[in-house]
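Trainee: I should like a close look at a single part of this molecule. Please take me through the annotated active site and its surroundings.

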Amino acid sequence: MPQLILLRHGQSQWNLENRFTGWWDVDVTEKGIEEARAAGRLMKEKGIDADLCFTSLQSRAIKTLNLALEEMDRLWLPVEKNYRLNERHYGGLTGLNKQETRDKHGDEQVHIWRRSFDTPPPPMAADSEYQMSSDPRYKGIEVPATESLKDTITRVLPYWKTRIAPELQGGKRVLISAHGNSLRALVKHLSNIADDEITGLEIPTGQPIIYNLDGDLNEIERYYLSER
Ligand SMILES: O=C(O)[C@@H](CO)OP(=O)(O)O
């Protein structure tokens, strides 16, 4: 039975500061480091293991994966990194404080920007201090100016289908360390969740989610490892 583990990165500096993050590459906090290590210890203790890992090109997810793998004595596992697992691009909101943005634009508007399925935030200016287009890790990739959750799903799913799903179907146990919205994209697909429901799903930091799947990679069960 194919088994997939999803892990959202540990608390980041901008999670702590309540700032819109998206593709900006912030580090994990001390608490985030501890969350990542605890996730690794929990997997080891519960006998959850992997053969292959996938992560984004963002330090908070890469670091979380490494810290968890270290606790599992699995630092040697193969890891494939791809921008398609990155967080949803937050456009012109990147770097702003979420509460200050609510005070300025109202709760309703900010809720739409954060949790509507297909309304993207305003685009990022080409000269924004948070612009990532010339970052070497994205060479050859068209960095978006903004993304809705729908856009994020459109980016994540081809990678799932071409790179991750075949490994699971070939018998590998897969661990994915990624972000709130790239993981929402995967959970929506695997658990067949409706557009208007997926936006309400909040994935906590550093909590391994276990998926037991059938041969066609449909969900048999999904649970938080800490609850078993
Ligand atoms: O800031 C972000 O990039 C994301 C995840 O932390 O926030 P939100 O909860 O608004 O999707």
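Mentor: The account below begins with the annotated residues and then moves outward from them.

The model is predicted, so local features are described only at pLDDT of at least 70 and side-chain atom pairs only at pLDDT 80 or more, while totals for chains, interfaces and linings use all residues. Residues are numbered from 1 along each chain as its sequence is written.

According to an unreviewed UniProt entry, the annotation "active site" covers His9 and Glu87. UniProt positions are given here in the numbering used for the model, with shortened feature names, and such annotations may be inferred rather than shown by experiment. The two residues are spread over 79 residues of sequence, yet they cluster in space, with a largest C-alpha distance of 10.5 Å.

His9 sits in the loop between strand E1 (3–8) and helix H1 (13–16). Helices (H or I, at least four residues) and strands (E, at least two) are DSSP runs, numbered from the N terminus. His9 counts as buried because 32 other C-beta atoms lie within 10 Å. The cut-offs are 20 or more other C-beta atoms within 10 Å of a residue's own for buried, 12 or fewer for exposed, and partly exposed in between, with C-beta atoms placed from the backbone. Leaving aside neighbours within four places in sequence, the contacts of His9 include Val28, Arg60, Ser177 and His179; a contact requires C-beta atoms, placed from the backbone, within 7 Å.

Glu87 belongs to the loop between strand E3 (79–81) and helix H4 (98–105). With 25 other C-beta atoms within 10 Å, Glu87 is likewise buried. Beyond neighbours within four places in sequence, Glu87 is in contact with Thr21, Gly22, Trp23, Gln58, His179, Gly180, Asn181 and Ser182. His179 is thus in contact with both annotated residues.

Glu87 is also part of the ligand's surroundings, together with Asn15, Phe20, Thr21, Gly22, Tyr90, Arg114, Gly180 and Asn181. Residues are assigned to this shell when the C-beta atom, placed from the backbone, lies within 6 Å of the molecule. By class, the shell has 2 nonpolar, 5 polar and 2 charged residues. Here Ala, Val, Leu, Ile, Met, Phe, Trp, Tyr, Cys and Pro count as nonpolar, Asp, Glu, Lys and Arg as charged, and the others, Gly among them, as polar.

The strand that leads to the loop of His9 also merits attention. E1 is largely enclosed by the rest of the structure, because 5 of its 6 residues are buried. E1 runs antiparallel to strand E5 (residues 209–213), to which 4 bridges join it; strands pair if DSSP finds at least two bridges between them. Within that pair, Leu6 stands opposite Ile209. E1 is also joined by 5 bridges to strand E4 (residues 174–178), and these two run parallel. There, Arg8 stands opposite Ala178.

The loop of Glu87 can be followed further too. Asn97 is found in the loop between E3 and H4, and Asn97 counts as partly exposed because it has 15 C-beta neighbours inside 10 Å. Not counting residues up to four places away in sequence, Asn97 touches Asn18 and Arg19. H4 itself is hardly covered, with a count of 0 buried residues among its 8. Just after H4, Gly106 takes a positive phi of about 95 degrees.

Technical notes: Two residues are in contact if their C-beta atoms, placed from the backbone, lie within 7 Å.
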